[in-house]
Amino acid sequence: MSSSYAAKKAESDALDKAIFNDSAFALGAAFVTTGVLSALGQKFSRGYRSLPISAKTALILGPSLGAMYIRGEHSGTEFRRHKYLNQLDPAEREDALKKKQAMISRQTIVDRSINFVNEHRWSILGLAWLVGMSGAGLYLYKKKGMTPAQKLVEARMYAQLITIVGVVSTASIASLGENSDSKHVQHNSAELEAILASDTKVKDPSANDSIVSADKK
């Protein structure tokens, strides 16, 4: 086994471990929080007690799984950012961040939007579900002639519709990013920082010539 393969394997294992630990922590914390809220609702709310067990389970597991996915998404990005930037001394780190900011400043609003959606897809979908569920709940709360269980089922239908629209929208935006010729749209911020931070050689000879001529000037 070569040293480069062993290093990549160790890095991959560390990334998987970081994502697993953070995701498990988010899942546990959200599960305990929603469980406590459910217990309080069961004790003090007659409307909550009238809900079927399937609805109560969905109210506990839904936010818990959403928190797990969102935290896992952010954990991978943070791991890569810290790994590559921490390998640099302060001057190199500052230079890499300046190059990143300069590259971002050349992006159009459309490119920035695509990049943001690709980086925070799960967070956007989770927020869309929460907004849909909350908005539908407030709307249905004022309607008469419906039981709490019926209101919850209808609110879930509205939230699922909004989430499906969000899934289709983010998938379409992701395909736009994949078809874009802009390098900064094809990479997320962590990968971009890795490119800026790593001491890679320029593969294009003409690019090397331009760099040399720029240095001479």
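# A guided tour from pocket to helices

Start by selecting helix α3, which gives the most to the lining of the largest pocket, with eleven residues. What you have open is a predicted model, so please read each stop on this tour in that light.

**The pocket**

With α3 still highlighted, add α6 and α7: each of these three helices supplies at least two residues of the lining of the largest pocket. The pocket has a volume of about 590 Å³. To centre your view, pick G62, P63, G66, G126 and W129, which are the closest to the middle of the pocket among the 24 residues that line it.

**The whole chain**

Now zoom out and colour by secondary structure. How many helices and strands does the chain have? You should find ten helices and zero strands. Following the chain from the N terminus, the elements read α-α-α-α-α-α-α-α-α-α. If you colour by burial, 26% of the 217 residues come up as buried. Turning to contacts with a separation of 6 or more, 71% of them are between residues 24 or more positions apart.

**Helix α1**

Next, select residues 3–44, which form helix α1. This helix has 42 residues and reaches 61 Å from its first C-alpha to its last, close to the 62 Å expected at 1.5 Å a residue. Show side chains and look for L15, A18, S23, A26, A30, T34, S38 and G41, the buried residues of α1.

While you are on α1, pick K9 and D13. Their side chains meet in a salt bridge, 3.0 Å from N to O. The two residues are four apart in the helix, about one turn. Are they buried or exposed? D13 is partly exposed, because its relative accessible area is 36%, and K9 also counts as partly exposed, at 41% relative accessibility.

**A salt-bridge network**

The structure holds three salt bridges, and the next stop takes in D22, R71 and E78, which are linked in a network. Begin with D22 and R71, whose side chains meet at 3.4 Å, N to O. This pair links distant parts of the chain: D22 sits in α1 and R71 in α3 (residues 53–85), 49 residues apart. Then move from R71 to E78, where the side chains form a salt bridge of 3.2 Å, N to O.

Here are the accessibilities to compare with your surface view:

- D22 has 24% relative accessibility, so D22 counts as partly exposed.
- R71 has 28% relative accessibility, so R71 counts as partly exposed.
- E78 has 30% relative accessibility, so E78 counts as partly exposed.

**The largest nonpolar core**

Hide those side chains and select Y48, L51, A55, M133, A136, L140, A149, L152, A155 and A159. These ten residues make up the largest nonpolar core. Which elements give two or more residues to this core? They are α6 (121–141) and α7 (148–179). Of the elements, α7 gives the most, with four residues. As background, nonpolar side chains tend to be buried together in soluble globular proteins.

For a closer look at one core member, click on L51. Leaving aside its neighbours within four places in sequence, L51 is in contact with K56, L59, P148, A149 and L152.

**Helix α6**

You have now met α6 at the pocket lining and in the core, so give this helix a view of its own. Why does its length fit what a helix should span? At 1.5 Å a residue, its 21 residues should span 30 Å, and the end C-alpha atoms of α6 are 30 Å apart, which agrees. Label S123, L125, A128, G132, M133, A136 and L140 to see the residues of α6 that are buried. Among them, M133, A136 and L140 belong to the largest nonpolar core.

**Last stop: D111**

Finally, select D111, in helix α5 (residues 109–119). Is this acidic residue buried or exposed? D111 counts as buried because its relative accessibility is 13%, and the cut-off for buried is under 20%. To finish, draw a distance between the C-alpha atoms of D111 and L176: they are separated by 9.5 Å, although the two residues are 65 apart along the chain.

Conventions:
Residues are numbered from 1 along each chain as its sequence is written. This is a predicted model: local features need pLDDT of at least 70, side-chain atom pairs count only at pLDDT 80 or more; totals for chains, interfaces and linings use all residues. Side-chain values use heavy atoms; hydrogens and water are left out. Buried means under 20% relative accessible area, exposed over 50%, partly exposed in between (1.4 Å probe, protein chains only). A salt bridge is a side-chain nitrogen of Lys or Arg within 4 Å of a carboxyl oxygen of Asp or Glu. A nonpolar core is a set of buried Ala, Val, Leu, Ile, Met, Phe, Trp, Tyr and Cys residues joined through side-chain atoms within 4.5 Å. Contact means heavy atoms within 4.5 Å. The expected span of a helix is 1.5 Å times one less than its number of residues. On a 1 Å grid over the protein atoms alone, a cavity is a set of points where a 1.4 Å probe fits but cannot get out, and a pocket is an open set with protein on both sides within 12 Å along at least five of seven lines; lining residues have an atom within 4 Å of a point. Grid points are joined across faces, edges and corners, and a volume is the space filled by probe spheres set on the points.
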